[in-house]
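Here is a short report on one structure. It covers a sheet, some helix packing and salt bridges.

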Amino acid sequence: MHRRKFINKTALGTVAVVGFPSIVPAHVLGKNAPSNKINIGQIGCGRIARDHDIHDTIRFDDARFVAVCDVDSKRAVDAKNLVDGFYKKKTGKDNYMDTKVYEDYREMLVNKDIDAVVISTPDHWHSQPAMEAALVGKDIYLQKPTSLTVREGQQLREAVQKSGAILQVGTQQRAMPQFRVAAELVRNGRIGKLHTVKIGLPGDPAGPEAPEMPIPSNLNFDMWLGSTPEVPYTEIGVHPQNGYSRPGWLRQRNYGAGMITGWGQHHYDSAAWGMNTELTGPISVEALAEFPKSGLWNVHGDFFVKHEYENGITVYTSGGYTNGIKYIGEDGWIFVSRGAYTASASDPVDKEKSAKALNASDPKILESVIGDNEIHLEKIDDQHGNWLDCIKTRKQPISPIEKGHKACAICLISDIAMQFDRKLEWDPKNEVFINDDEANAMLRREQRKPYGTDYVKI
């Protein structure tokens with residue numbers, strides 16, 4: 001039963017459901033009642049899951065991880081031990097939690113005891129499990145980028161909207177106060193009329209040749225490939241078999257687009273906050289990029305992208321700029337970055353160059369107070385905490401599917417523009433290139449059965 005239909009019927013008192021995963025208000029059973037816990041399943045147990053998503057969710061008292069899933073059984077067991085160890089330390093009880101382990105996330109999704117899932121898989125495995133989770137009534141925390149293609153993002157958006165699921169995209173810069181402050185100052189005219197935005201993103205280096213290797217017995221490689229083409233296994237093309245350093249799939253076009261999506265969705269989402277373009281997009285895109293001429297890794301290296309918006313703002317993105325966002329207006333500029341923050345130990349961030357998280361052409365700009373009658377943007381303390389709160393209230397989180405999809409689409413059309421020697425005109429409402437069949441053909445990819453969003457029934 002779809003969650004929205006369930007909520008409507010229970011509100012009218014017309015249906016009684018036993019065992020349906022639900023959150024009972026604290027005033028009914030007390031703040032520590034078991035029903036107040038949100039039972040969570042973790043899908044994907046690699047670097048980002050361990051260092052970021054599990055770590056930043058499990059610390060909340062209303063979250064309870066009950067299951068983990070990975071196509072690499074070693075990683076799944078490591079995640080089980082991580083979760084069990086956390087609860088043992090927290091409660092002092094050896095057997096407080098016996099986290100269930102899955103290899104196939106679809107088996108996890110039919111577990112009615114699970115209310116929500118956190119998806120920390122490689123990029124090519126984001127949209128499909130999120131769609132399927134939404135359609136069986138689970139709420140979702142989804143790592144960015146939201147999708148591998150624009151078409152996947154559209155399909156995910158449709159599934160989430162139909163189901164009423166609470167989906168939070170992992171664009172956690174919205175929880176970092178400097179990004180909100182910068183956006184508020186820009187939106188309230190502290191640098192005059194905004195006309196230019198410069199975004200700094202790194203590129204990726206070329207890599208070595210990689211011979212075919214035997215598939216490890218602990219890895220379901222066919223499922224890891226999912227909807228992407230069948231290729232020979234090599235360790236640096238997937239993830240390390242020992243340790244959790246930055247995986248090689250991030251640098252292969254089969255599984256993502258490189259840093260333009262890897263960090264790009266963060267910065268394009270934050271820039272849209274300040275530009276007041278969260279629910280639209282550019283009207284044109286053109287790009288230059290260098291790609292490796294040999295080796296296994298084949299995503300972009302040095303690059304330059306230009307976007308034009310209907311409101312007259314031009315956005316430039318390049319690895320030649322300091323990592324962060326620079327808003328330039330008629331009366332000054334504001335620069336914002338993460339500072340020294342990283343989501344994981346192997347994030348490719350030049351901490352020295354982006355150490356100053358908030359700067360301006362005139363220090364007085366940053367001292368300006370936003371008045372009561374001016375624009376105040378939503379303020380949260382934590383991206384994962386905001387998601388948990390919204391699961392209970394059923395309000396939309398700070399990074400809902402529509403905003404996440406729009407930011408991701410900017411990344412993806414930028415990657416497409418890197419393949420062409422011409423300017424592409426973009427229709428942000430209908431999400432198509434104008435009079436360009438060749439570019440439009442790249443808005444989707446063929447998917448290898450039985451995997452892929454094309455084979456999810458809505």
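## Two paired strands

Strand 5 (residues 139-142) and strand 6 run parallel, joined by three bridges. Within this pairing, I140 has L167 of strand 6 as its bridge partner. Strands here are DSSP runs (E, at least two residues), helices are DSSP runs (H or I, at least four), and both are numbered from the N terminus.

This is a predicted model: local features need pLDDT of at least 70, side-chain atom pairs count only at pLDDT 80 or more, and totals for chains, interfaces and linings use all residues. Residues are numbered from 1 along each chain as its sequence is written, and side-chain values use heavy atoms, with hydrogens and water left out.

## The whole sheet

The sheet is open and has six strands. Their order is 3-2-1-4-5-6, with parallel pairing. Two strands pair if DSSP finds at least two bridges between them. Strand 3 (100-102) and strand 6 (167-169) are the edges, each pairing on one side only. From one strand to the next, the twist averages 25 degrees.

Helix 6 (residues 127-135) packs on this sheet. It touches strand 4 (116-119), strand 5 and strand 6. Its direction makes about 160 degrees with that of strand 5. Angles run from 0 to 180 degrees between N-to-C directions, and axes are lines fitted to C-alpha atoms, for helices over the stretch in contact. Contact means heavy atoms within 4.5 Å.

## Helix 14 and its partners

Helix 7 (residues 150-163) packs against helix 14 at about 175 degrees, with the axes 9 Å apart. The two are therefore roughly antiparallel (under 35 degrees counts as roughly parallel, over 145 as roughly antiparallel, 65 to 115 as roughly perpendicular, the rest as oblique). Helix 7 contributes residues including V150, L156 and V160, and helix 14 residues including I401, A409 and L412.

Helix 11 (residues 264-275) also packs with helix 14 (residues 401-417). Here the angle is about 120 degrees and the axes are 9 Å apart. Helix 11 and helix 14 are therefore oblique to each other. G264, Q265, Y268 and D269 of helix 11 make the contact, with helix 14 residues including K403, A407 and C411.

## Salt bridges

The count comes to 25 salt bridges (a side-chain nitrogen of Lys or Arg within 4 Å of a carboxyl oxygen of Asp or Glu). One joins D84 to K80, with the closest N and O atoms 2.8 Å apart. D84 and K80 are separated by about one helical turn, because they lie four residues apart in helix 4 (residues 73-91).
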